[in-house]
Amino acid sequence: MKLQLSEEDAAFREEMRTFFTTQIPQDIRDTVTARRELSKDQIVRSMQAMNAAGIAVPNWPVEWGGKDWTPLQRHIWHEEMQLAGVMPPLAFNASMVGPVIAAFGSQELKERFLPKTANLDIWWSQGFSEPDAGSDLASLRTTAVREGDEYVVNGQKTWTTLGQYGDWIFTLVRTDPTVKKQAGISFLLIDMTSPGLTVRPIELIDGGHEVNEVFFDNVRVPVENLVGEENKGWDYAKFLLGNERVGVAPVGSTKRTLAQAKEYAKTAGAGGTSLLDDPLLAAQIAELENDLLALELTALRVVANSADGKPHPASSVLKLQGTVLQQAVTELWVDIAGPNALATGAGEGSDVPELARTATPNYLNYRKASIYGGSNEVQRQIIAGTILGLRG
Amino acid sequence: MDFTLDSEQIALRDAVRGLLGKAYDSSETRRQVTKTDPGWDEKTWQRLAEMGALGLPFAEEDGGFGAGPVEVSIVAEEIGRVIAPEPYVEAVVLAGGLVAAAGTAEQRAEIIGALAEGTLVPAFAHTEPAARYSEKPTVTAAASGDGWTLTGVKEPVLGGARADLLIVSAAVEGGTGLFLVKPDADGLTRTSYATFDGGRAAHIAFASTPATPLGEPGADQSAAIASVIAAAQIAYGHEALGAMATALETTTAYLKTRKQFGVPLMTFQALTFRAADMYVSLELARSTVTWATLVLLDGAAAEDVIEAASRAKLQVSKAGRHIGQEAIQLHGGIGMTAEYSVGHYTSRLTAIDHLLGDGRHHLSALSTSLDDHGVVEPLP
Ligand SMILES: Cc1cc2nc3c(=O)[nH]c(=O)nc-3n(C[C@H](O)[C@H](O)[C@H](O)COP(=O)(O)OP(=O)(O)OC[C@H]3O[C@@H](n4cnc5c(N)ncnc54)[C@H](O)[C@@H]3O)c2cc1C
C-alpha cells in the first residue's frame, strides 16, 4: 500500500491541471463557476479544445483517438477538469455512443461517426427511456420494422436531454416483439432531421428546458445505421451503461462547489459577517467535506483496483453517494443564500448576488441526479442483489 | 386540552377548501395564474374577502371578524393544500398583523377594513439583500419637518410591486420603526420579478421617500415586529402542512398506479416504507405546528410564542425538505416536470423554508437557550 502518486502520475496531474486552467476558454470556465447554464456553443468549444489536444475521448480505443491511460490517469483527468470548472466531454458522445460504436459497430460506421463524435461535429442524444419504460427500460415499445434496406420506426422516446441540440439520436428499438423482452431490442442510430421525427420540449421545475420528448412517425432509417447485430441491442446497452467506471460520481465538481459555498458564506451573514461563525453551519460543511473525502477515496480505490478492466462492484456506491452529496451541496447553497434565494427572477439592478439567485433553481434541478442514469433505488438494488447477494 | 376543530371551524375549512379547490382545480390552472402578473388571481382574492377569510384575525372595531390564530391556520392550510399563490400569510398575517399590532386606532380602522374587504393589499418590506434574517434594517428613516423620509433598498420584497401599500421597517434612533409608504410616493422605485415558486418579489429602492410612521412616530417597534413574525412563521407552518399533505397524497396515489416491471410501484416495499416515513414527518410537523398555534391562542408571553414558532419552523423545515425531496424521487422523472404538480409543491415548500428563517436559523436560535430549561414542557 502507498498513498503517493508515482512520479509519472504526479507529472500527469500537473500536465492536466495546467491544460485545463490555461487552455479552455475562460468564458466557459467562468460560466461553470458562476453556476450558470452553458450554451451549446460553449459545450462544443470546450470539447473541441480537448479534442484538439487529443484528450476528449481517452476511454476509446487508441486507433480512434483514445489514450492508453490507466483508470487512475483517467480519474485524474476527470477530477482536474472539474476542479478547473471545465465541463466534461459531452457524455452522450464520449462515454455512451462512442464506445459502443467503437466496440460493436461496423468499420464503415466507425469511420463515418467516430471522428465527428469525438469532435462534437455531431451532437448525439440518448433515446432510451419511454413514458412507460423508465427503470424498467427493457419494456420499451418503440418499434423498428424492416422494409427492404430500411427500418421503419414508430413510437416515442422521452427525457431526451438536450435533444433540442441533437443532430443524431442513438436509440433502443424493438425489432422482435415475439421473444422475451430483452431479446428483441436493437441499437439504432437515427438522423434527427429525418422526416417524421419531431422533438417537443419538456419544461422542468426550475423553469429550464433541458429535456424533450422525441416522436417517431414512420421514420425511415437505413439498415446500415444498425449497430452490431439485430436484436442484440440490450447487450450493447448494458455495455454502455456499465462500462463507465470513471466519473460516475462528480467528486471534483462537488468539491469545487462546496469550496465556493464556503467562500461565499464568509460574507453572507447579517451585515456581511461570516456565516462560518455559526457552529451549525460550520459543522455541516465540515461533515460534507469529510463525506466527500470518503467518497473520493472510494473512487480512488475503485480506479486503483480496476486495472484488469472489470467494473469494480463498488461503482454503485459512487453513483449513489455521489448524487447524495451533489444534492446536499446544492441544498447547502440555498441555505447560505437564505432569503436572497427567493430573488431567482431578478436581473440587472438587483442587489442580490447572482450566486444566491441561482441557488434554488440549481437545487431543484439537481433532484434529477438521483433519478437518471439508474436511479438511487436501482443502485441500492444492485448493491443488495449483486454485491450482498440479497435476492428475495 | 383539545387539538380538534369545532363545528364552526370545520365549516370554515370546508368553505375555504371548496372555494380554493375550484379556483385551483389543477396544477395547470395554477401555472396559468402564476404566469401572469401579479402571480395570483384577484377574483379569488375577492372571494376570500367575501367569505371573511381576510379579516379573520382582526378586532371587529378595526373592521375585522374577531376570530383567532386557529381560524387563520385553517385558511393557511387550505392555501397550502392547493399551493394557491394568493398572498394570505404575507398580506393578512404579516402586513395586516403589523398594522393591528403597531398602528394607531385610525390607521387600523382605515387599513384593516380595506384589507378585510379585499380592496387594499399591503406588503411588508423588511428583507434586505445583506441582512439575512436579521431584524435590524439598514434602510434609514429621518424626520424632516413634520414628515419622515426613508432611504435605502429592500429586496426581495414578496408581492412588493403589486402592493397598494408598503409597510417598511427602517432604522430609527434606538431601534426599528415601521412606516407606511404609498406606491406613488416620490423617490420610490419598484422592480418586480418572479420567484422560483411562482410568486413575485420586488427590488424596492427608497430615495428620501416620504413615509408615514405606523403608530407612534420614531418609536422602536422591534417587539411588535418579532411577535407578528412569530405569528406568520406559525401560519407558514400551516401552509406547509397543507402542501406536505397534498404532496404525500399525490405520491401515494402515484405509487398505486405507476407500473414498472409489470407491477405497480407499491409492490416494492422499499418505496412504500419511504412513503410511510413521509407520513411520520408530516404528523410530527402537524403536532408541533398545531401546538405553536395553541400557544399563540393562549395569549402566552411573547418570548414563549417566539420560541414555539421557532420550534414549529424547525420541524417544518425538516419535514418539508424530506417530503418535498421524496415526493419528486418516488415519482421519478415525471416529478421533475413543470407540467406535473409535485415539483411545484417541493418548490413552494423550499420557499416557505427560507421565509422568516430557515431550519438552521431556528435551530441556532434554539441552541443558544438550552440552559433556560431542564426539560421542554409543552403544556402550560
Ligand atoms: C433530467 C433527466 C434527464 C434524463 N435524460 C435522459 C436521456 O437523455 N435519455 C434517456 O433515455 N433517458 C433520460 N432520462 C430518463 C431516466 O433515465 C429515467 O427517468 C429513469 O430511468 C427513471 O425512470 P422513470 O422516470 O420512468 O421512473 P420510474 O421507473 O417510474 O420510477 C419511479 C420511482 O420508482 C423507483 N423504482 C422503479 N422501479 C423500482 C424497483 N424495482 N425497486 C425499487 N424502486 C423502483 C425509481 O427509482 C423511482 O424512484 C432522464 C431523466 C431525467 C429526470
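In this predicted model, a nitrogen atom of the ligand sits 2.8 Å from a polar backbone atom of Trp159(A). The protein covers 95% of the 970 Å² of accessible area that the ligand has on its own. Two further contacts involve ligand nitrogen. One is with Ser129(A), where an N or O atom of the side chain is 2.8 Å from a nitrogen atom of the ligand. The other is with Gln126(A), where a polar backbone atom lies at 2.9 Å from a ligand nitrogen.

The shell around the ligand was examined next. Among its 29 residues, the nearest to the ligand are Ser135(A), Thr161(A), Ser375(A), Glu377(A) and Gln329(B). Chains A and B both contribute residues around the ligand, so the site is shared between chains. Two helices each supply at least two residues of the shell: α13 (376-387) of chain A and α9 (302-331) of chain B. Helix α9(B) gives the most, with three residues. By class, the shell holds 14 polar, eleven nonpolar and four charged residues.

Two annotated domains were also considered. In chain A, an unreviewed UniProt entry assigns "domain: Acyl-CoA oxidase/dehydrogenase middle" to residues 127-219. This span of chain A is 46% strand and 0% helix. The C-alpha atoms at the ends of residues 127-219 are 14 Å apart. In chain B, an unreviewed UniProt entry lists residues 234-348 as "domain: Acyl-CoA dehydrogenase/oxidase C-terminal". Here the composition is 78% helix and 3% strand. The end C-alpha atoms of residues 234-348 of chain B lie 16 Å apart.

Salt bridges total 40 over all chains. One of them joins the side chains of Asp41(A) and Arg45(A), with N and O 3.0 Å apart. Both residues belong to helix α3 (residues 40-52) of chain A. They are four residues apart, so about one helical turn separates them. Asp41(A) is partly exposed, because its relative accessibility is 43%. Arg45(A) is also partly exposed, at 30%.

Chain B offers a similar case in helix α2 (residues 27-35). Glu28(B) and Arg31(B) form a salt bridge, and their closest N and O atoms are 3.4 Å apart. The two residues are three apart in the helix, so they are separated by about one helical turn. Their surroundings were then checked. Glu28(B) is partly exposed, with 33% relative accessibility. Arg31(B) has 12% and therefore counts as buried.

Another salt bridge links Arg258(B) to Asp132(A), with the closest N and O atoms at 3.7 Å. This pair crosses between chains. Arg258(B) lies in the loop between α7 (222-257) and β8 (259-260) of chain B. Asp132(A) lies in the loop between β1 (124-127) and β2 (143-147) of chain A. At 18% relative accessibility, Arg258(B) is buried. Asp132(A) is partly exposed, with a relative accessible area of 40%. Salt bridges also form a network that links Glu331(A), Asp335(A), Arg321(B) and Asp353(B).

Glu128(B) was examined for its polar contacts. This residue lies in the loop between β1 (122-125) and β2 (140-144) of chain B. Glu128(B) counts as buried because its relative accessible area is 2%, and the cut-off for buried is under 20%. Its side chain makes a polar contact of 2.6 Å with the side chain of Thr138(B). The Glu128(B) side chain also reaches the backbone nitrogen of Val139(B), at 3.2 Å.

The backbone was surveyed last. Most peptide bonds are trans, and most residues other than glycine have a negative phi. Some sites in the model depart from this pattern. Asp37(B) and Pro38(B) are joined by a cis peptide bond, with omega of about 5°. Pro38(B) is placed in the loop between α2 and α3 (42-50) of chain B. A cis peptide bond also joins Glu155(B) and Pro156(B), where omega is about -10°. Pro156(B) is in strand β3 (residues 147-158) of chain B.

Positive phi values occur at two residues that are not glycine, Asn231(A) and Phe261(B). For Asn231(A), phi is about 70°. Asn231(A) lies in the loop between β7 (211-222) and α7 (233-242) of chain A. Its relative accessibility is 23%, so Asn231(A) counts as partly exposed. For Phe261(B), phi is near 55°. Phe261(B) lies in the loop between β8 and β9 (263-264) of chain B. Phe261(B) is partly exposed, at 43% relative accessible area.

Key:
Residues numbered from 1 in each chain as written. Chains lettered and ligands numbered in written order. Predicted model: local features only at pLDDT ≥ 70, side-chain atom pairs only at ≥ 80, totals over all residues. Heavy atoms only, no water. UniProt positions renumbered as here; feature names shortened; annotations may be inferred. Near = heavy atom within 4 Å. Polar contact = N/O pair within 3.5 Å; in protein donor to acceptor, adjacent residues only side chain to side chain. Areas by Shrake-Rupley, 256 points an atom, 1.4 Å probe, with all protein chains shown as cover. Nonpolar A, V, L, I, M, F, W, Y, C, P; charged D, E, K, R; others polar. Salt bridge = Lys/Arg side-chain N within 4 Å of Asp/Glu carboxyl O. Buried < 20%, exposed > 50% of the residue type's maximum accessible area, 1.4 Å probe, protein only.
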